[in-house]
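This report looks at how strands and helices are arranged in one structure. Please keep the sequence and the model at hand while reading.

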Amino acid sequence: MKTNTRDYYLGNKNLPTDSARFEYTSGMVRQLKKASTNLLYFAENFFYIINLDTGRQTISLHKCQKRALRKMRDNRFIILLASRQCGKTTMMTIYALWNACFNDDQRVLIVANKEGTAIEIFQRIRLAYEELPNWLKPGVKEYGKTSMTLTNGTRIGISTTTGTAARGQSVNCLILDELAFIDTHLVEPFWKSVYPIISSSKKSKIFIASTPNGTENLFYKLYTGADTGGNGWTPERIDWWEIPGRDEKWRDQTVKTLGSSETFDQEFGNVFLQTGESVIDEELLDILSLTTKTPEHVLEDGHYKIWNTPEPEHIYCVGVDISEGVGQASSVIQVIDITDLTNIIQVATYASNKINPFNFTTKLYEILQQWGSPLALIERNNCGAQVVDTLKNKYSYEGIVTYMPDKTKVSNNRIGVMAHTNTKYRGVVNMRYWMNELKCVALQDKATVHELKNFVRYPNGTWKARQGADIHDDRVMALIWALMILETSITQRYLEIIKTDENDKPLIVKPLDYGIQAFEQKDGPITSFLQDNMMPAMFSDYDTPADLTDLESQGWELL
């Protein structure tokens, strides 16, 4: 066997070039012949993956994965509906590498909805290729981050789901990952771009694999058409119970972790949840509509509504959504009482579409003081950053809750709630748990219930206000942020969890002892002040006399 460095691409001993020569034993010849004709033998003997627990190892295929691979081998157009974490992407990469190694002059294109996803899939192929024995695989001519060309003339490349994806290329094998999650406005131009690639060939193949994501998207149409036998596609399906180790106990624990059965149904249950459905069950919305009440106090020209007055021993939380104040979307404050988590009560709201962020910060601080300086979850996106930072730096407000997307660096200048696809999704799941599953949130504001009725699922899986004139979701988003204090990872940081429910969610909480909330007093009773046409505000006995004198000079009276 030669050892000349020219035999290896950039000196990497796992990347032989076309000049590399190897001595074959009879055993190698037998294995080479069998691997080239038997996809499953190739996978289980030569395809390496990275196991999170045991590291690099050859894959051990489950029965359902073998079934899917056989269909990929024997059919041209395969559409796979699959539970999460069942190895659907790995199966497609197995076929792509097998096809590339043992067929000359192939063009394999892998397309994903995001560049990062496409690159990650290609990295799996590169890892598996490098782990193959050198005598089994064709050599390398080009080897890059987004494509590789082998000495047998075969090329593997990646692309994203844009309108120009793969246009002008000839492709023998097209692999589409998570088609259901392509943004709606990209679906049609994307499909028009990629489908003609294979239409002129009698042997080219297309493999599509995805978890479901609503009913108004191309994946749903193709899969349901295949399932009824009307469009020429071959359907395949892998359900969660086909993966070893997944039983009813696993399902119950996963439901607890996700927060709702509905979320499990979409992520693992292969259920196409109806697009356009309201975030809250219609029956519950009808009940909420009947139980809304006229507020006890209406202040600030109707913008500030209070149903229950502040109680010193109660635990409150505030959710805040902020707008520009130009007469369209509103800046909203939702105040909820979380003293009893079996009966969470919406006690006050503030909403105005005319107040600018600067003045809104002052108004927010006043309202927070009135409710005992509770924990506040404030969206900091766009003009929200100005509100959060001013509240912290000018007013020294200590009750600001910070919640960022995964992998986002948290620092002193990044406090508050960063609205992101992941945080919004978790927020919706959390709200649905407390409202749909437990039915323990009492809403008293008609405007909030109205927005909930029009807060719907979109084809790309996101939730927002239904399209239409004068339909907004500011009250809903503020409510979502308020209820996020009960998302366990947040609750653990800002409240003491005394008891959890059967789903490991908070059941009984109390404030931490480091004094964030003004209602948590160590010395003496709480003194209440009431100004004409205003709600009581709570102050401790150790507020300075100067503070109290200043309040009295503004027209406040000591009760």
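The sections below cover the basis of the model, its sheet, and a pair of helices.

## Basis

The model is predicted, with local features requiring pLDDT of at least 70 and side-chain atom pairs pLDDT 80 or more, while totals for chains, interfaces and linings use all residues. Numbering starts from 1 along each chain as its sequence is written, and side-chain values use heavy atoms, without hydrogens and water.

## The sheet

Eight strands (DSSP runs of E, at least two residues, numbered from the N terminus) form an open sheet of mixed pairing in the order 5-6-7-4-8-9-3-10, where pairing requires at least two DSSP bridges between two strands. Its edges are strand 5 (140-143) and strand 10 (234-238), each pairing on one side only, and the twist from one strand to the next averages 15 degrees.

Strand 3 (residues 77-82) runs parallel to strand 10 and is joined to it by five bridges; Ala82 has Ile238 as its bridge partner in strand 10.

## Helix 4 and helix 5

Helix 4 (residues 88-102) and helix 5 (residues 115-131), helices being DSSP runs of H or I of at least four residues, have axes that come within 10 Å and cross at roughly 50 degrees, with axes fitted to C-alpha atoms over the stretch in contact and angles running from 0 to 180 degrees between N-to-C directions. Helix 4 is therefore oblique to helix 5, a term for angles outside the ranges under 35 (roughly parallel), over 145 (roughly antiparallel) and 65 to 115 degrees (roughly perpendicular).

The contact (heavy atoms within 4.5 Å) involves Thr89, Thr90, Thr93, Ala96 and Leu97 of helix 4 and Ile121, Arg124, Ile125, Ala128 and Tyr129 of helix 5.
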